[in-house]
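Reader: Please choose one local feature of this predicted model, look at it closely, and then work outwards from it to its surroundings and to the chain as a whole.

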Amino acid sequence: RMKHRLLEFLVTEMGFTVFAMETTWPRMLAVNDYVLNGKGDPARLMAGLHVIWDTREVLALIEWMRAYNANPAHYKKVKFYGADILQDTGLGADYVVRYLEKTDPDSLKPGQAGQVLSIFKDGDNRVYGIIYGYSQQECMALNNQMNEFLLHFDREKEAYVQKSSEREWREVRHLVRFLQQFVSYAVAGNTSDYDALDLRDRGMAENIRWILDNESPGTRVVYWAHNYHITAAQYPTYSSVPMGMYLKQVLGRDYISIGFEFNRGTFQSRDSTPSQTPVLIRSFRLDSIPGSFAAAMARTGIPMFLLDLG
């Protein structure tokens with residue numbers, strides 16, 4: 001509820017118009033259609049999210065965004081994006097295929113640029129399985145195929161825009177880039193977890209930048225993600241660079257990392273008890289811890305506030 005209220009404040013008082021989460025780009029396209037146009041059933045759309053996001057609180061947030069956008073007095077609408085690169089490749093490829101069927105059906109024939117999309121036909125696990133069985137040479141060839149496919153989209157831009165629109169071309173091109181990000185991540189994971197993590201965070205930073213570059217000038221974005229991803233400093237024992245550092249390098253003071261703390265209450269998290277198989281999401285209760293930062297803040301008597309630690 002705290003995060004929900006913070007987003008309401010950022011939208012109504014601070015002029016934020018984009019909300020994004022650490023979930024994937026293709027999945028959030030349908031959620032965005034709901035919050036903008038009321039299309040679809042939000043509960044069914046939520047069922048496709050990662051289990052940590054499929055909660056009553058996030059559903060309430062989506063419903064609040066829809067109600068806000070439905071009010072004609074709010075001429076600046078709030079949009080919903082995903083920025084992660086790990087899942088929903090099959091869904092992303094479906095969007096690209098439908099676009100090419102309209103703009104360039106010949107590219108989907110065997111031996112043409114769009115043929116690489118077939119690797120995504122059975123979803124993420126299929127791609128992971130294929131790539132983890134590849135040799136270094138085969139991984140390099142797949143990366144080259146994805147590079148060529150993206151270049152194909154750029155070469156055919158004028159023809160594609162004539163059969164669609166500039167905005168649609170840019171959106172579908174970024175879906176191709178999303179698929180390329182996923183492949184690069186999976187290939188890197190064959191040899192180094194840290195290289196893969198770095199590519200994941202670099203990809204999230206790139207996706208946030210795409211939003212800023214393709215929405216109206218001055219757009220403000222709030223992004224929910226794990227504390228590792230949003231931090232603006234490198235972890236001492238990690239060779240990878242978090243998303244926050246990449247964004248800080250380009251956005252400077254315009255990038256602000258906000259962490260949450262609470263004194264007592266309940267929350268949902270993974271049960272990582274070794275005997276817990278499979279790993280489940282369950283509710284935990286936290287009582288106030290004497291001497292903790294949260295307990296000290298609670299003694300101020302202020303129910304919710306932001307503290308600048310910069």
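Author: The place to begin is D88, which lies in the loop between β2 and α5; the model is predicted, and everything that follows should be read with that in mind. The backbone at D88 has a phi near 65°, a positive value in a residue other than glycine. Most residues other than glycine have a negative phi. With a relative accessibility of 12%, D88 counts as buried, because the cut-off for that class is under 20%.

The two elements that flank this loop lead directly to a pocket. Both β2 (79-84) and α5 (89-103) supply at least two residues of the lining of the second largest pocket, as do α2 (25-37) and α9 (166-189). That pocket has a volume of about 430 Å³, and of the 18 residues that line it, L29, Y95, E168, E171 and L175 are the closest to its centre. Among the contributing elements, α2 gives the most to the lining, with six residues. By class, the lining of this second largest pocket comprises nine nonpolar, seven charged and two polar residues.

From here the description moves to strand β1, which spans residues 18-24 and includes A20. F19 lies in this strand, and its relative accessible area is 0%, so F19 is buried. Leaving aside residues up to four places away in sequence, F19 touches L7, L61, M65, K79, F80, Y81, V222 and W224. One of these partners, Y81, is 62 residues from F19 in sequence, yet the two C-alpha atoms are 6.3 Å apart in space. A20 likewise has a relative accessibility of 0% and therefore counts as buried. The contacts of A20, again not counting residues up to four places away in sequence, are with Y81, I208, V222, Y223 and W224. A separate pairing shows another scale of distance: A20 and N147 are 127 residues apart in sequence and 27 Å apart in space, C-alpha to C-alpha.

A further loop can be read in the same manner. S240 is found between α11 (227-230) and α12 (243-251), and at 1% relative accessibility S240 counts as buried. Not counting residues up to four places away in sequence, S240 touches Y194, L197, D198, Y228 and Q234; of these, D198 is 42 residues away along the chain, with a C-alpha separation of 4.7 Å.

These local views belong to a chain whose secondary structure comes to 13 helices and five strands. Residues 24 or more positions apart account for 68% of the contacts with a separation of 6 or more, and buried residues make up 41% of the 310 residues. The C-alpha atoms fill a box of roughly 65 × 50 × 40 Å along the principal axes. The radius of gyration is 21 Å, which agrees with the value near 19 Å that a compact globule of 310 residues would have.

As for confidence, the mean pLDDT of the chain is 90, and 95% of its residues reach 70 or more. Confidence is highest in helix α8 (residues 157-163), at a mean of 97, and lowest in strand β4 (residues 265-270), at 79.

Technical notes. Residues numbered from 1 in each chain as written. Predicted model: local features only at pLDDT ≥ 70, side-chain atom pairs only at ≥ 80, totals over all residues. Heavy atoms only, no water. 1 Å grid on protein atoms, 1.4 Å probe; cavity = no way out; pocket = protein on both sides within 12 Å on 5 of 7 lines; lining within 4 Å. Points joined across faces, edges and corners; volume = space filled by probe spheres on them. Helix = DSSP H or I, 4+ residues; strand = E, 2+ residues; numbered from the N terminus. Nonpolar A, V, L, I, M, F, W, Y, C, P; charged D, E, K, R; others polar. pLDDT = per-residue confidence, 0-100. Rg over C-alpha atoms; globule rule 2.2 N^0.38 Å. Buried < 20%, exposed > 50% of the residue type's maximum accessible area, 1.4 Å probe, protein only. Contact = heavy atoms within 4.5 Å.
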